[in-house]
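User: I am new to this structure and would like a close look at a single part: the packing in its interior. Please start with any charged pairing and then work inwards.

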Amino acid sequence: MLELFFAIQAWGALVIGLALLGFGVAKRKPSLISLGAIGFVELGLIVQLISSIVLVAGGARAKGDTIEFFAYVLVAMIVPLGAAFWALIERTRWSTFVLAVGSLTVAIMLVRMHQIWFG
């Protein structure tokens with residue numbers, strides 16, 4: 001796990017989650033903007049997965065359990081996909097809240113991944 005990328009990704013997911021929360025409070029339905037924002041969170045997780053695989057292939061290991069780290073990455077990748085699927089199926093303002101919770105969940109999971117990787 002790259003520490004600088006973690007910081008950018010965690011803060012990005014937090015800001016996106018709070019913005020989506022604001023959209024929900026404003027009673028906005030999911031749009032291309034909100035779905036694009038959660039897509040950005042997913043893209044960051046994909047980059048995190050690839051960079052972590054490269055690091056482990058190069059000999060790096062997590063201070064905690066490396067398998068647990070990758071399990072967190074894979075589960076975190078499912079969260080934005082599920083939230084986006086929900087938002088596409090149910091186009092109400094509550095789906096915007098689901099997108100916000102998905103992004104905030106990823107931010108929390110990133111902090112835990114950081115703890116596993118760096119100890």
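Analyst: **From the salt bridge to the core**

The structure holds 1 salt bridge, meaning a side-chain nitrogen of Lys or Arg within 4 Å of a carboxyl oxygen of Asp or Glu. The partners are Arg112 and Glu68, whose closest N and O atoms are 3.6 Å apart. Arg112 belongs to helix α4 and Glu68 to helix α3, so the bridge ties together parts that are 44 residues apart in sequence. Helices here are DSSP runs of H or I with at least four residues, numbered from the N terminus. This is a predicted model, in which local features need pLDDT of at least 70 and side-chain atom pairs count only at pLDDT 80 or more, while totals for chains, interfaces and linings use all residues. Residues are numbered from 1 along each chain as its sequence is written, and side-chain values use heavy atoms, with hydrogens and water left out.

Both partners of the bridge are partly exposed: Arg112 has a relative accessible area of 31% and Glu68 one of 30%. On this scale buried means under 20%, exposed over 50%, and partly exposed in between, with a 1.4 Å probe and protein chains only.

Next comes the interior. The largest nonpolar core has 31 residues, and the members touching the most others are Leu45, Phe69, Leu99, Leu110 and Met113. It is contributed to, with two or more residues each, by α1 (3-25), α2 (32-57), α3 (66-89) and α4 (93-118). α4 gives the largest share, 9 residues. A nonpolar core is a set of buried Ala, Val, Leu, Ile, Met, Phe, Trp, Tyr and Cys residues joined through side-chain atoms within 4.5 Å. In soluble globular proteins, nonpolar side chains tend to be buried together.

Leu45 is a useful residue to follow through the core. Apart from neighbours within four places in sequence, Leu45 is in contact (heavy atoms within 4.5 Å) with Gln9, Val73, Ala76, Met77, Pro80, Val106, Leu110 and Met113. Two of these, Leu110 and Met113, are also listed with Leu45 among the members that touch the most others.

Gln9 leads from Leu45 to α1, the helix in which Gln9 is placed. Gln9 counts as buried because its relative accessible area is 8%. With residues up to four places away again left aside, Gln9 is in contact with Val41, Gly44, Leu45, Gln48 and Leu110.

One of those partners, Gly44, is found in helix α2 and is buried as well, at a relative accessible area of 10%. Beyond four places in sequence, Gly44 touches Phe5 and Gln9. From Gly44 to His114 there are 70 residues along the sequence and 14 Å in space, C-alpha to C-alpha.

Beside Gln9 in α1 sits Ala10, buried with a relative accessible area of 11%. Ala10 touches Ala107 and Leu110, not counting residues up to four places away. The C-alpha atoms of Ala10 and Ser103 are separated by 9.6 Å, although their positions lie 93 residues apart along the chain.

The helix α1 itself can now be described. Its 23 residues reach 33 Å from first C-alpha to last, close to the 33 Å expected at 1.5 Å a residue; that expected span is 1.5 Å times one less than the number of residues. Its buried residues are Phe6, Gln9, Ala10, Gly12, Ala13, Ile16, Gly17, Leu20 and Gly24, and they pack against α2 and α4. An α-helix has 3.6 residues a turn, so residues three or four places apart point the same way.

After α1 the chain enters the loop between α1 and α2, where Lys27 is found. Lys27 has a positive phi of about 65° although it is not a glycine. At 58% relative accessibility, Lys27 counts as exposed.

The next helix, α2, has 26 residues and reaches 37 Å between its end C-alpha atoms, close to the 38 Å expected. Just after α2, Gly59 takes a positive phi of about 110°.

On the surface, Phe40, Leu43, Ile46, Val47, Ile50 and Val54 make a nonpolar patch of about 550 Å². Such a patch joins nonpolar side chains (Val, Leu, Ile, Met, Phe, Trp, Tyr) within 5 Å, from residues with over 30% relative accessible area and no salt bridge; areas come from the Shrake-Rupley method with a 1.4 Å probe. Of these residues, Val47 is placed in α2 and is partly exposed at 38%.

Methods:
Patches are made of residues with over 30% relative accessible area and no salt bridge: like charges are joined within 9 Å, nonpolar side chains (Val, Leu, Ile, Met, Phe, Trp, Tyr) within 5 Å.
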